[in-house]
Amino acid sequence: MKILLTGGAGYIGSHVLLSIIENKHEVVVIDDLSTGNKNLIPDNVKFINSNINNAEKISNVLMKENFDLLLHFAGFIKVEESVQNPDKYFKNNTDNAIELFETCYKHNLQNIIFSSTAAAYGNPSNNESIREDENLNPLNPYGESKVKTEEYLLKNKDKFNSIILRYFNVAGADPELRSGLIANQPTHLIKILSEVVVGKREKIYVYGNDYNTEDGTAIRDYIHVSDLASIHLEAANFLLEKKISNIFNCGYGKGYSVLDVINIAKKIYGEKIKFEYDKRRPGDAERLISNVDKLHQHINWEPQFNNLDLIIQTAVEWEKKIHEKNL
Ligand SMILES: NC(=O)c1ccc[n+]([C@@H]2O[C@H](COP(=O)([O-])OP(=O)(O)OC[C@H]3O[C@@H](n4cnc5c(N)ncnc54)[C@H](O)[C@@H]3O)[C@@H](O)[C@H]2O)c1
C-alpha cells in the first residue's frame, strides 16, 4: 500500500515508519519538526518538512502521488501544557487536523487512521477496564482537542472511512534501537525513569499518592511502541478491505500503578531509582486500563512485547544510546 504519514519524525510515527518499511509499503512523511527529530527518519524515506495545515504544499504532494491511506500522528501531546495553553492544542490537534483531512478529501484521499488517546475518557465511570463505548469526558484540553477531531471524523462518515485508535500509555523503544523517544522536558513516566537510570536526572516525581488505588498512585496500561506500530498496519489492512469506520482501544488490558513501575525498575536497576511524592498534576486521571476485546475481535494482531520489564529495558537502552550520542 501507499501511505501518507504525518508526524513521522516523532516517537510513535517513527516506529510505525519502521514497520511500513519492513513490510515494503511505500510512504511519504510530512512533519514540521516542531517536536520531532529528523534523525528518526531513515535517509531513503521521502520527507516533506511542512506543517499539516499548509494546504498548498500538501496538495502538491497529493497531486503527484496516489495514496491509499493517511496515517495521522502529528499533534501536540503534553497534558500539562494543554492546561496552561489550551488554544495551542485546539489549533494544532483539531483545526490543523481538520484542514489536513479536507485537503486530503479534495484529492480523493478518504481513508484515515487517526491517533487518539485514552485521555478522551477522563475518569471512567467504574474501576473496570474501559470499552470504546464508554462516555467521553476528557479532563484536559489535550483530551478535548482529540475528542473534537474524533467527532469531526464521525460526523463526516460520508467523506471519510476512518479508524480512530485510542492509545493508552505508549512506552519502550524499538528493540533494535533504531528509534525511541527523544523529548525535551518529557512527561512520560518510563522516559523519566530511563533518564534517572542513565544519570540524566536525579529522581522521579510521583504526582499524587492519594488516589483511590491500591497504593495511592495512578494506574496506567502501558503498551510497547513496537506493538502499537504493528496494530497500525493491521488496522490499515482492515480499513482498506472493509471500508468501514471504527474505533479501537490500543493497550494490553492490564494496569500498573506508578509504584509498580518504579518497583519493577528497582528490581532491574537497583536502588539508584530514587523518587519523591509531589502533589497531583491537573488533568491527570486516576486509572486508565483498556478493554481490548474489540481490537482483538476485528484486528489480526498479536502483541510481541507485552512485558513491562522489556518495555522498561528497551526504553533504558535507548536512553543510554541517545545520552552517549547527545541526541
Ligand atoms: N505518546 C503517547 O503515549 C501517546 C498516547 C496517546 C496518543 N498519542 C498520540 O499519538 C500521536 C503521536 O504522538 P508522539 O508521542 O509520537 O508525539 P511526538 O511529539 O513525538 O510526535 C509528534 C510529531 O508530529 C509533528 N507535528 C506536530 N504538529 C505538527 C504539525 N502541525 N505539522 C506537522 N508536523 C507536526 C512533530 O514535529 C512530531 O514529529 C499524537 O497525535 C498523540 O496525541 C500519543
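## Ground rules

Two residues are in contact here if their C-beta atoms, placed from the backbone, lie within 7 Å. Keep that in mind for the helix packing below, and keep in mind too that this is a predicted model.

## Helix α6 and its two partners

Let's start with α6 and α8. In α6, the residues L189, I190, L193 and V197 meet V258, V261, A265 and Y269 of α8. Sorted by class, that contact has eight nonpolar residues, with no polar and no charged ones. Helix α8 covers residues 258-269, and its axis comes within 11 Å of the α6 axis, the two crossing at roughly 30°. Angles under 35 degrees count as roughly parallel, and α6 and α8 are therefore roughly parallel to each other. Their crossing is right-handed.

Now for α10. Helix α6 (residues 189-197) packs against helix α10 (residues 308-325) at an angle of about 55°, and the axes are 9 Å apart. That makes α6 and α10 oblique to each other, and this crossing is right-handed. On the α6 side the contact involves I190, K191, L193, S194, E195 and V197, while α10 brings I311, I312, A315, V316 and E319. The class count for α6 with α10 is seven nonpolar, one polar and three charged residues.

## The seven-stranded sheet

Next up is an open sheet of seven strands, ordered β3-β2-β1-β4-β5-β6-β11 and paired in parallel. At the edges sit β3 (46-49) and β11 (246-250), each pairing on one side only. From one strand to the next, the twist averages 20°.

Walk in from the β3 edge and you meet β2 (residues 26-31), which pairs with β3 in the parallel sense over four bridges. One residue pair to look for is I30 with its bridge partner I48 in β3. Strand β2 also pairs with β1, again in the parallel sense, over five bridges. There, K2 has E26 in β2 as its bridge partner. As for β1 itself (residues 2-6), the strand is mostly covered, with four of its five residues buried.

## Strand β5, wrapped up

How many residues of β5 are buried? Seven of the seven, so β5 is largely enclosed by the rest of the structure. In a regular strand, side chains alternate between the two faces of the sheet. For β5, both faces are covered: N111, I113, S115 and T117 are buried on one side, and I112, F114 and S116 are buried on the other.

The strand has pairing partners too. Strand β4 runs parallel to β5 and is joined to it by three bridges, with L70 standing opposite I112. Strands β5 and β6 also run parallel, joined by seven bridges. I112 turns up here again, with S162 as its bridge partner in β6. Then there is helix α5 (residues 141-155), which lies across β5 (111-117) and β6 (161-167) and runs at about 155° to β5.

## E65, in a loop beside the sheet strands

For a single-residue stop, try E65, found in the loop between α2 (55-64) and β4 (69-72). Is E65 buried or partly exposed? Its count is 14 other C-beta atoms within 10 Å, which makes E65 partly exposed; a residue needs 20 or more to count as buried.

Which residues does E65 touch, once neighbours within four places in sequence are left aside? The contacts are K2 and V28. With V28, the separation is 37 residues in sequence but 9.3 Å in space, C-alpha to C-alpha. K2 is also the residue whose bridge partner in β2 is E26.

## The three-stranded sheet

There is also an open sheet of three strands, in the order β12-β9-β14, with mixed pairing. Its edge strands are β12 (256-257) and β14 (287-288), and each pairs on one side only.

Strands in a sheet pair through backbone hydrogen bonds, either parallel or antiparallel. Between β9 (residues 219-220) and β12 the sense is antiparallel, over two bridges. To find that pairing in the model, look for R220, whose bridge partner in β12 is Y256.

Key
Residues are numbered from 1 along each chain as its sequence is written. This is a predicted model: local features need pLDDT of at least 70, side-chain atom pairs count only at pLDDT 80 or more; totals for chains, interfaces and linings use all residues. Axes are lines fitted to C-alpha atoms, for helices over the stretch in contact, and angles run from 0 to 180 degrees between N-to-C directions. Angles under 35 degrees count as roughly parallel, over 145 as roughly antiparallel, 65 to 115 as roughly perpendicular and the rest as oblique. A crossing is left-handed if the near helix is turned anticlockwise from the far one by less than a right angle, and right-handed if clockwise. Ala, Val, Leu, Ile, Met, Phe, Trp, Tyr, Cys and Pro count as nonpolar, Asp, Glu, Lys and Arg as charged, and the others, Gly among them, as polar. A residue is buried if 20 or more other C-beta atoms lie within 10 Å of its own, exposed if 12 or fewer, and partly exposed in between; C-beta atoms are placed from the backbone. Two strands pair if DSSP finds at least two bridges between them.
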